[in-house]
Amino acid sequence: MWATATPAPASVVPAATTTTAATTTVTTTTTTTTTTTTADPASWWGTNGRVSDTLVSGNRVYLAGGFDYVGPTTGYGVPVDTATGVRAAWPVIDGPVDVTVPDGSGGWYVAGRFKRVGTAYRPGAARITADGLVTAWNPRPGSQVRAIAATPAGIVLGGDFLSLAGMPAAHLAAVDPELGAVVTTWSASTNATVRALVGAGGALYAGGDFTTVDDQPHSALVRLDALTGSVDPLFAGAAGGAVQAVALSPDASVVYAGGTFTSVSGPSGQVARSRLAAFTTDGGVPTAWAPASDGTVRALAVDPDTGTVYAGGTFGTVSAVSRARIAAVGADGAVTAFNPLLSGCNIRHTTGYAHSNPPCSPEVAVLQVRDGVLYVGGRFGRSGATTRHDAAAFLTAGGALTAWNPTPGDRVNTLAVSDGGRVYLGGEFTSVNGQVRRGVAALDATTGQLDPTFSADTDNEVLDLALSTDRTRLFLAGSFLTVRGVSRPRLASVVASTGSVDGVFKPVVNDNVLSIATAQGWLFAGGQFTTVNGLTRRHVAKLWGSSGALSTFHADTVGPAGVLRSGGMVQSIAVSSDAGRVYLGGPFTTVNGTTMPAGIAVVYGTTGALHPRQLGGVARCSGAGPWVTRLYLSSDNRRLYGGDVCPDNIYQWDAYNLSTPTRPTGLLWRTWCNGGMQGAFEVAGRFYYGTHGSSCAASPGSATKLARPRFAAFTSTTGALVSGSPTFDSPMGVWSVSALPAGLVVGGDFTTVNGVLHQGVAVVPQ
């Protein structure tokens, strides 16, 4: 295989190496104490998934959600050292990095779905020197690059693109190593995506989804002349499905292929091969090497010393031998004893799974063998019983797990080891060198970094947080079943200082708890559950906070069945500070057998009986609703805010007087955004609104709509939209809002704020 050896370019563009980190937020009606000093918003750590709620107490900011990682913002591609995995300073890349190769001078060529590297505009591809400088190399692919190979003719790119550097290029092209201009003396084209490239001597092998190369039949695999790109007509190797990975034997006499295919062919016809195959390089004849994978093979690497082939992907067995996502196969085709036992993973929320983590299946996306070490990247959480978040390394002699532990926050798509002893990691992560924290974490409000003394990992999403009245314990609510491995189904209490599980508070709840609030020593819970401790409590319960003992409080709600309504669940609960009033929102139609058609109810905190003065005015549309999905009570207990399911109105009710003869619904004002209420917070005369929508009415009753991507602020007295607002990305946007001295703390599903990387949490000005 070729050693990349291209000269360092004369022209480089300085790139900022200071990283910008994400920040945090809070959504709870529990009264909290903020710190007097907070870190610079740019220094705050972020998460790798949804932040559903945050809570500020003393010098801590607690986070809850669907994440399993907290770390500094570093961008989507960084180098780390080969010994420990500690990253170097590096320009922030603003989008996923899919492929990389060393440039031969200690730096790397990188490609992916990004626009900028540091301050340099490099859409889709860039070259970064060993010192972190962005060079003038700028091939400007018209679509995604999935494979790179450094050849004597230049840097060959393969992928989805149909143009490079402004010139036509159908999925394959060579560009010069300094500027990225298309090499016109090199020519090859395919009719579909190229996913893999590997070469040695004068040959370059390409694998992908294609069925023709230069308008001639070549199914998923082809051999090209490295200097010209011309097809080798003597190589007859082909696959009956996509080839996603290719690798060469140490002597370059065999080319290995992995992918989705179940058959391959050569000069003598077709033979069965299940997702793994080998061909002679001097004609493309399928060899007898035939391990069978039961799932897609996405990565291949060959040990140059032994010829052992390492395969990675989504499979569970190879040749009927249990090998989860990674296996080693000898040159004779036999599966070796190497078995890293990869398991566990976390994936970001999209538009589904509102109350729990999306299902995640581990996978291996990239492999590389270098100096007796096998480097592995993908999406996984453990090797055996040892935590290894999305990246790990093993000794090829014996298979032992090494100390290398860069801990990226999300899927690793590519890695490459340079001659300088650094490993470049690229992928879908925005952070490396963070810490694993599942479902709940604490940040230090003076530094914005993880507080390592607190740990209360859960096995599923934490949806809401509340502090005990004496502030010594933190209540967790959600879809989890365990906390720190201890059974605590859906509702738990942990020691606020350490995260240790409270050994006394252990109610058994039979379904998800969506919302909690505390007052006067009591914990009020709402959700999808129908029993607590084996006793009937339909969607609402009141427990003594110190012991978890269930009170006689009853406010049973009932409504239509189905995924969205869950028999009349309580989606949100708010409680007055004296525990005298409890406000319920959800798709219920009765409370304690009394018809409540508006999806909102006020009950006494002592018994659960309905208050004689109720609230109303909730709208419905297209058969949905009326019901309130989110409630927020102001800290002075006088204003109750709510958001409905459709048409996404925002309400402010009089929480003190409730309904009166002159105001029969208790409504003070109503306005509108085109996405439902997810986050809510009132401070300094403004009501802040987190949403998945993108626009809001200028004022109550106004037909004027103004852009407010995922976040808006209203004057609390009138409901008028406040000018100016930060912009958040992602389909599901902002889920929580609260305040610190440094500004508003915002949490959600986003990865950018005003175009700057801040995943999960961010601090923005009030």
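Select Asn-357 in this predicted model and display its neighbours: leaving aside residues up to four places away in sequence, Asn-357 touches Gly-66, Asn-346, His-349, Asn-460 and Glu-461. The residue belongs to the loop that runs between strand E34 (342-343) and strand E35 (363-370). Its relative accessible area is 18%, under the 20% limit, so Asn-357 counts as buried.

Remain in this loop and select Cys-345 and Cys-360, which are joined by a disulfide with an S to S distance of 2.1 Å. The torsion about the S-S bond is -130°, and the link is left-handed. Both cysteines lie in the loop between E34 and E35, so the disulfide ties together parts that are 15 residues apart in sequence. Are these cysteines buried or partly exposed? Cys-345 is partly exposed at 22% relative accessibility, and Cys-360 is likewise partly exposed, at 23%.

The next selection is Cys-621 with Cys-646, a disulfide whose sulfur atoms are 1.6 Å apart. Cys-621 is found in the loop between strand E58 (600-604) and E59, and Cys-646 in the loop between strand E60 (639-644) and strand E61 (649-654); the pair therefore ties together parts 25 residues apart in sequence. Cys-646 is buried, its relative accessible area being 18%.

Proceed to Cys-673 and Cys-696, where the sulfur atoms of the disulfide are 1.9 Å apart. The torsion about this S-S bond is about 105°, so the disulfide is right-handed. Cys-673 sits in the loop between strand E62 (667-672) and E63, whereas Cys-696 is part of strand E65 (residues 695-697); the pair thus ties together parts 23 residues apart in sequence. Cys-673 and Cys-696 are both buried.

With these pairs displayed together, the structure shows its three disulfides. When the bonded cysteines are numbered in sequence order, the pairing reads 1-2, 3-4, 5-6.

Finally, turn to the second largest pocket, which has a volume of about 1,000 Å³. To centre the view, select Ala-354, His-355, Gln-571, Thr-629 and Trp-735, the closest to the pocket centre among the 41 lining residues. Then colour the elements that give two or more residues to the lining: strands E3 (51-57), E43 (462-467), E48 (513-519), E54 (572-575), E59 (628-633) and E63 (677-683). Which strand gives the most to this lining? It is E59, with four residues. Coloured by residue class, the lining of the second largest pocket divides into 16 nonpolar, 18 polar and seven charged residues.

Note on methods
Residues are numbered from 1 along each chain as its sequence is written. This is a predicted model: local features need pLDDT of at least 70, side-chain atom pairs count only at pLDDT 80 or more; totals for chains, interfaces and linings use all residues. Side-chain values use heavy atoms; hydrogens and water are left out. Buried means under 20% relative accessible area, exposed over 50%, partly exposed in between (1.4 Å probe, protein chains only). Contact means heavy atoms within 4.5 Å. On a 1 Å grid over the protein atoms alone, a cavity is a set of points where a 1.4 Å probe fits but cannot get out, and a pocket is an open set with protein on both sides within 12 Å along at least five of seven lines; lining residues have an atom within 4 Å of a point. Grid points are joined across faces, edges and corners, and a volume is the space filled by probe spheres set on the points. Ala, Val, Leu, Ile, Met, Phe, Trp, Tyr, Cys and Pro count as nonpolar, Asp, Glu, Lys and Arg as charged, and the others, Gly among them, as polar. A disulfide is a pair of cysteine sulfur atoms within 2.5 Å.
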